[in-house]
Amino acid sequence: MMKKAEHILAPVPEQGLILLETAHGSFRTLPTKKYSSRTPWVAPDSRQLFSFLPGTITRLLVQQGQDVKKGQAILTFNAMKMDNTYLSPRDGRVARFLVAEQEVVAKGALLVEFE
Amino acid sequence: MAVDQKILDLQQRKELISQGGGPVAIEKQKAMGKLTARERIDALLDEGSFHEYDMFVQHSATEFGMQSKVLAGDGVVVGTGKVCGNPVAIFAQDFTVFGGSLGLSHARKITKIMDYALNMRIPLIGINDSGGARIQEGVSALAGYGEIFFRNTMASGVIPQISVILGPCAGGAVYSPALTDYVFMVDKTSKMFITGPEVIKTVLGEEISMEELGGARVHCEKTGNAHFFAHSEQECFTQIRRLLSLVPQNNTTPASREPSVEPDSKVFAIDNIVPEDPSQPYDVRNVIRAVTDDSEFFEVMELFAANIVIGYGRMGGQTVGFIANQPLVMAGVLDCDASDKAARFIRYCDAFNIPIVTLEDLPGYLPGVDQEHAGVIRHGAKLLYAYSEATVPKITIILRKAYGGGYIAMCSRHLQADFVFAWPRAEIAVMGPEGAANIIFRKEITASSEPAATREAKIDEYRQKFANPYVAAAKGYVDSVIEPSQTRKFIIHSLEIASGKTVCQPTKKHGIAPF
């Protein structure tokens, strides 16, 4: 049989407590790892294009400084055994590529920035 | 003498199969710090109680050189035995035999013992230690997994199903444990993932170890896929035995009763555990241990979403499931993970007729873009659904804070709690006094020459008028306001009163739980 837990009152630690703000007031408590390491919200910027899947950049179809139209093919991308094409989300000029051909990228990686 | 020779022959055959993959493979298994399949079964079950079946089962694969391969028991040990005197069915994959890989015969041994367990209405324990599908058997291996998943689902809520991960459990294989009730893992031994480090490296270029990707700590702390964390296989087996001593054998028989033993009120002095100031933390497990028999509490999912505590204790000798907000961690708020954790536990208790005691002290839901976007509405709804659907006796004790949506969610009278009791310091209100004063008295506060002082005065005014148990008690939402020291007595009495509880719900095939 499992050894019974000793009868000891679990204490409140003196270190690591934060003041957690809620809609109902603020409370002294320990944060979870998940809460401490959460990423703050940043509003999306339509001048940035991110990868929607992990995969490999196969070809860059336009050049830095080039003017592109909304819907124009920007680059091709092989992900999950499928070939994909990224289209420009806007009319504008390509400010810079943050990736090169044959580069392996994670989901959510910044691929292209527009001016 | 012919008979003796037959017996000798049988003994030799059994002895050979008992050696699994042979001495070299066993040595490798030991070098990884792991026990063999048969040692595990012996360590887990009551001594000498194991009876093995299907030892002589062989695979019938013929491709890729398989026709000449003889695999002892096809890489899995199955049988029945006892835990604390109660019968159980068990299978243990044998990594020393062809990496414990799952072929059709291996899977059929498992599904056969699963059918036994379900038909006999006894708990099923599965020990997973396998490299995955036996590639040489192709789609037959996949068929084997599918047959197991189907049976896991059919047995769900009828018999307790326990998965023990004692080695790799990768790819499709993970879905059998995921469909069972309790997953046990051992630090540095257990690994669970859909796609392993190799695939991730190839596809993404990300390098991660098996332990970091899907080790015991990851699944117990981060993903919530596992329920119990142990440092050794022996500790893990002790946890399993403790769990099985607390839960019923099936959904029609009650859990075994133990003699009622009074809690240790010297150490767990219930009047002094909860600080008067609602913004100060304490460990709610002290309150649980202040009311349970012999101050014993067996916590489930201790490391995941620690802002809510779930687990088993006995009250008056009977097993009870506890759900308690934990003010020590994240002030006990409800969030996606906490709601999910508690909801599943409630459904387990309900399926196996274990009464539910809810200890409430929370300031509502966790605010934040991450929570909203992670679907706190959908996850939070699981908790409301599980509490509302449960027909077992439901007893709620409001210890301190019960604000807003949190008050409703934590098994309020409105979700059909059978008994709701509140301690005298309970603050049951639509909002916490701080938040409420800021909204209701905004004009007075901003117009004041001393806004801070006015704010404090208004908070106090609100607390006096609304943030107490008597407003809810006046409406009958709280059955009784009780002294903390009376809590155990009230819970045990409620359990006695509710022992014959019968509820008629509308006829339906099943509800649409917000999964």
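This dialogue walks through the contact between two chains and the two pockets of a predicted model.

Reader: Before we start, what should I know about the numbering and the values?

Author: Residues are numbered from 1 along each chain as its sequence is written, and chains are lettered from A and ligands numbered from 1 in the order in which they are written. This is a predicted model, where local features need pLDDT of at least 70, side-chain atom pairs count only at pLDDT 80 or more, and totals for chains, interfaces and linings use all residues; side-chain values use heavy atoms, with hydrogens and water left out.

Reader: How many residues does each chain bring to the contact?

Author: Contact means heavy atoms within 4.5 Å. Here chain B brings 49 residues and chain A brings 34 residues.

Reader: And what area do chain B and chain A bury between them?

Author: Buried area is the accessible area (1.4 Å probe) that two parts lose on being put together, summed over both. For this pair the value is about 3300 Å², with 63% of it on carbon and sulfur atoms. In chain B, the residues losing the most area to chain A are L204(B), L328(B) and M330(B), together 15% of what that side buries.

Reader: How many salt bridges are there between chain B and chain A?

Author: A salt bridge puts a side-chain nitrogen of Lys or Arg within 4 Å of a carboxyl oxygen of Asp or Glu. The count is 2. One salt bridge joins D337(B) to K34(A), whose closest N and O atoms are 2.6 Å apart.

Reader: Now the pockets. How is empty space found?

Author: Rolling a probe the size of a water molecule over the atoms shows where empty space is left. On a 1 Å grid over the protein atoms alone, using a 1.4 Å probe, a pocket is an open set of points with protein on both sides within 12 Å along at least five of seven lines; lining residues have an atom within 4 Å of a point. Grid points are joined across faces, edges and corners, and a volume is the space filled by probe spheres set on the points.

Reader: How much space lies in the largest pocket?

Author: About 1200 Å³. It has 40 lining residues, and those closest to its centre are A178(B), L179(B), T180(B), R344(B) and F515(B).

Reader: Which residues are closest to the centre of the second largest pocket?

Author: They are T32(A), K33(A), K34(A), E221(B) and L303(B), out of 32 lining residues. About 890 Å³ of space lies in this pocket. K34(A) is thus a residue to look at twice: near the centre here, and in the salt bridge with D337(B).
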